[in-house]
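Dear colleague,

I am handing over a structure that you have not worked with before, and I would be glad if you could read the notes below with the model open beside them.

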Amino acid sequence: MSAVPLPPLPPTPAPEEGYRPAGRSIADTVDREHRQLLALLDQLSGPGTTPQEGLAVLTAALSRHLSAEEQYLLPAVRAALPEATERVDAEINADAALLSALKGLTDEALTEIAERVRRHVDGVGALVTELRAVATEEELIRLGNRLEIAEEAAPTRPHPGTPATPPWNRIVEPAVGVVDKVLDAVTRRPTYLADLPEPPRDR
């Protein structure tokens, strides 16, 4: 398997035979989050009025998810699979359109958002499958750890005008995320699935 260029990481001791770093593979994490997003959309698209906290959590979850993918997943795919460069660019453009559609999200826009998210899941899911085939498990886990750290620092609101590729998105988005989190705390805005009265079940 070819090595996937990783972001700068702290040095690790020379791995012993059978060594496996702690954490979850970036492929497993992205697959799980895709299932959670689809389950949340199914829940919010049910009969009746969509609760505002559901729209807030969907917006925050998608904003964090897309930011982290653009910081670590898509650059890794671009480096490991040069033939997928055009598809990566297409996903970045689609992410920007999705973030723009998320601004001021209402019940009426849910159908459009759901369709965009399903296209995202299909497109990025295919890239994840291809990355899994060429990267080692250790590389996938180390990337997964970086993805999870990036998500915790990511914005919780759509900012489609921010940089979408490294290195600038890794600098700008955490700074924007700090401002978002202050606003979330002041307004007591829910931003996680666990904040919902009935969190959706993972598919």
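What follows goes from the chain as a whole to the helix contacts and then to a few single residues.

Please keep in mind throughout that this is a predicted model.

The chain as a whole

The secondary structure consists of six helices and zero strands, so that the pattern read along the sequence is α-α-α-α-α-α. Of the 203 residues in the chain, 45% are buried, and the accessible surface comes to about 10,300 Å², with 56% of that surface belonging to carbon and sulfur atoms. Among the contacts in the chain with a separation of 6 or more, 82% are accounted for by residues 24 or more positions apart.

Helix 2 and the helices it meets

The notes on packing are arranged around helix 2, which covers residues 52-80, and they take its contacts with helix 3, helix 6 and helix 5 in turn.

With helix 3, which covers residues 85-102, the axes come within 11 Å and cross at roughly 165 degrees; the two helices are therefore roughly antiparallel to each other, since an angle over 145 degrees is counted that way. Helix 2 passes helix 3 in a left-handed crossing. On the side of helix 2 the contact is made by Thr59, Leu62, Ser63, Leu66, Glu70, Leu74, Val77 and Arg78, and on the side of helix 3 by Thr85, Val88, Asp89, Glu91, Ile92, Asp95, Leu98, Leu99 and Leu102. Sorted by class, this contact between helix 2 and helix 3 holds nine nonpolar, three polar and five charged residues.

With helix 6, which spans 168-187, the axes of helix 2 and helix 6 come within 10 Å and cross at roughly 160 degrees, which means that helix 2 is roughly antiparallel to helix 6. The crossing of helix 2 past helix 6 is left-handed. Ser67, Glu70, Gln71, Tyr72 and Pro75 of helix 2 make this contact together with Asn169, Arg170 and Glu173 of helix 6, and its residues divide into two nonpolar, three polar and three charged.

With helix 5, which spans 137-153, the axes of helix 2 and helix 5 come within 8 Å and cross at roughly 150 degrees, and helix 2 is therefore roughly antiparallel to helix 5. Here helix 2 passes helix 5 in a right-handed crossing. Arg64, His65, Ala68, Glu69, Gln71, Tyr72 and Ala76 in helix 2 meet Leu143, Arg146, Leu147, Ala150 and Glu151 in helix 5, and the residues of this contact divide into six nonpolar, two polar and four charged.

Single residues to look at

Pro75 is found in helix 2, where it is one of the residues that make the contact with helix 6. Is Pro75 buried, partly exposed or exposed? Its relative accessibility is 21%, and Pro75 therefore counts as partly exposed, given that buried means under 20%. Leaving aside neighbours within four places in sequence, Pro75 is in contact with Glu69, Glu70, Pro166 and Arg170. Between the C-alpha atoms of Pro75 and Thr85 the distance is 9.4 Å, and these two residues are ten residues apart in sequence.

Ala84 lies in the loop between helix 2 and helix 3, and with a relative accessible area of 0% Ala84 is buried. Once neighbours within four places in sequence are set aside, Ala84 is in contact with Val77 and Leu127. Ala84 and Glu130 are 46 residues apart in sequence, while their C-alpha atoms are 9.4 Å apart in space.

Two details of the backbone remain. Pro166 and Pro167 are joined by a cis peptide bond, for which omega is about 5 degrees, and Pro167 lies in the loop between helix 5 and helix 6. Pro166 is also one of the residues in contact with Pro75 of helix 2. Arg188, in the segment after helix 6, has a positive phi of about 55 degrees although it is not a glycine, and Arg188 is exposed, with a relative accessible area of 77%.

With kind regards

Technical notes:
Residues numbered from 1 in each chain as written. Predicted model: local features only at pLDDT ≥ 70, side-chain atom pairs only at ≥ 80, totals over all residues. Heavy atoms only, no water. Axes fitted to C-alpha atoms, helices over the stretch in contact; angles between N-to-C directions. Helix = DSSP H or I, 4+ residues; strand = E, 2+ residues; numbered from the N terminus. Parallel < 35°, antiparallel > 145°, perpendicular 65-115°, else oblique. Left-handed = near helix turned anticlockwise from the far one by under 90°. Contact = heavy atoms within 4.5 Å. Nonpolar A, V, L, I, M, F, W, Y, C, P; charged D, E, K, R; others polar. Buried < 20%, exposed > 50% of the residue type's maximum accessible area, 1.4 Å probe, protein only. Areas by Shrake-Rupley, 256 points an atom, 1.4 Å probe, with all protein chains shown as cover.
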